[in-house]
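Trainee: Could you take one part of this model and walk me through it closely? I'd like one connected story rather than a list.

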Amino acid sequence: MGALAALWLFALPSSASAAGDIKGSKLVTGTEKLIGDVTTWLMILAPVVAGLLIIYFCIRRSAADEMDTKKWNNRIIVAIVSCIGAVLGSATLNIIIGYYK
């Protein structure tokens with residue numbers, strides 16, 4: 001009985017047609033625009049915020065003793081690496097989304 005059902009399923013011509021065009025749907029186009037806008041803003045805001053943090057960390061480092069100076073130096077490095085990561089991630093998403101337009 002199972003073999004007969006499988007034969008019947010494979011013998012029928014299957015036509016898969018979507019109700020509408022997925023690429024042109026509001027959900028897909030809206031998501032593309034949202035990701036594009038967010039990544040653009042991230043590419044602008046990440047360096048600005050990182051710059052402000054680095055200035056703050058440098059001010060705090062100048063008033064710190066030897067032990068705390070090392071911690072503030074590490075925080076400056078983390079801020080720089082995080083900024084680079086955010087900008088590269090945002091640019092990568094922009095490039096990927098660009099292929100779908």
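**A close look at helix 2**

Mentor: Let's start with Ile 59, which counts as exposed because its relative accessibility is 53%, and the cut-off for exposed is over 50%. Keep in mind that this is a predicted model. Ile 59 sits in helix 2, which covers residues 26–62.

Ile 59 has company out there. Together with Trp 41, Ile 44, Leu 45, Val 48, Val 49, Leu 52, Leu 53 and Ile 55, Ile 59 makes up a nonpolar patch on the surface, and the patch as a whole has about 870 Å² of accessible area. For the wider picture, the protein exposes about 8,100 Å², with carbon and sulfur atoms supplying 72% of that.

Now the helix itself. Helix 2 runs for 37 residues, and from first C-alpha to last it reaches 53 Å, close to the 54 Å you'd expect at 1.5 Å a residue. There is a kink, though: about 25° at Leu 45, shortly before the proline Pro 47. Leu 45 is also one of the patch residues.

What about the buried side of the story? In helix 2 the buried residues are Glu 32, Gly 36, Thr 39, Ala 46, Ala 50 and Phe 57. An α-helix has 3.6 residues a turn, so residues three or four places apart point the same way. With that in mind, look at Ala 46 and Ala 50, both on the buried list. Part of the cover for these buried residues comes from helix 3, residues 66–99.

Flip over to helix 3 and you get the matching view: its buried residues pack against helix 2. They are Trp 72, Ile 76, Ala 79, Cys 83, Ser 90 and Ile 97. As for length, helix 3 has 34 residues and should span 50 Å at 1.5 Å a residue; its end C-alpha atoms are 51 Å apart, so that agrees.

For one specific pair across the two helices, take Ala 46, buried in helix 2, and Gly 85, which lies in helix 3. They are 39 residues apart in sequence, yet 9.3 Å apart in space, C-alpha to C-alpha. Gly 85 is partly exposed, because its relative accessible area is 42%.

Stepping back, the protein has three helices and zero strands, in the order α-α-α along the sequence. Among contacts with a separation of 6 or more, 63% join residues 24 or more positions apart. Buried residues make up 12% of the 101 residues.

Technical notes:
Residues numbered from 1 in each chain as written. Predicted model: local features only at pLDDT ≥ 70, side-chain atom pairs only at ≥ 80, totals over all residues. Heavy atoms only, no water. Patch = residues over 30% accessible without salt bridge, like charges linked within 9 Å, V, L, I, M, F, W, Y side chains within 5 Å. Areas by Shrake-Rupley, 256 points an atom, 1.4 Å probe, with all protein chains shown as cover. Salt bridge = Lys/Arg side-chain N within 4 Å of Asp/Glu carboxyl O. Helix = DSSP H or I, 4+ residues; strand = E, 2+ residues; numbered from the N terminus. Buried < 20%, exposed > 50% of the residue type's maximum accessible area, 1.4 Å probe, protein only. Expected span 1.5 Å × (residues − 1). Bend = angle between axes of the 7 residues up to and from the residue. Contact = heavy atoms within 4.5 Å.
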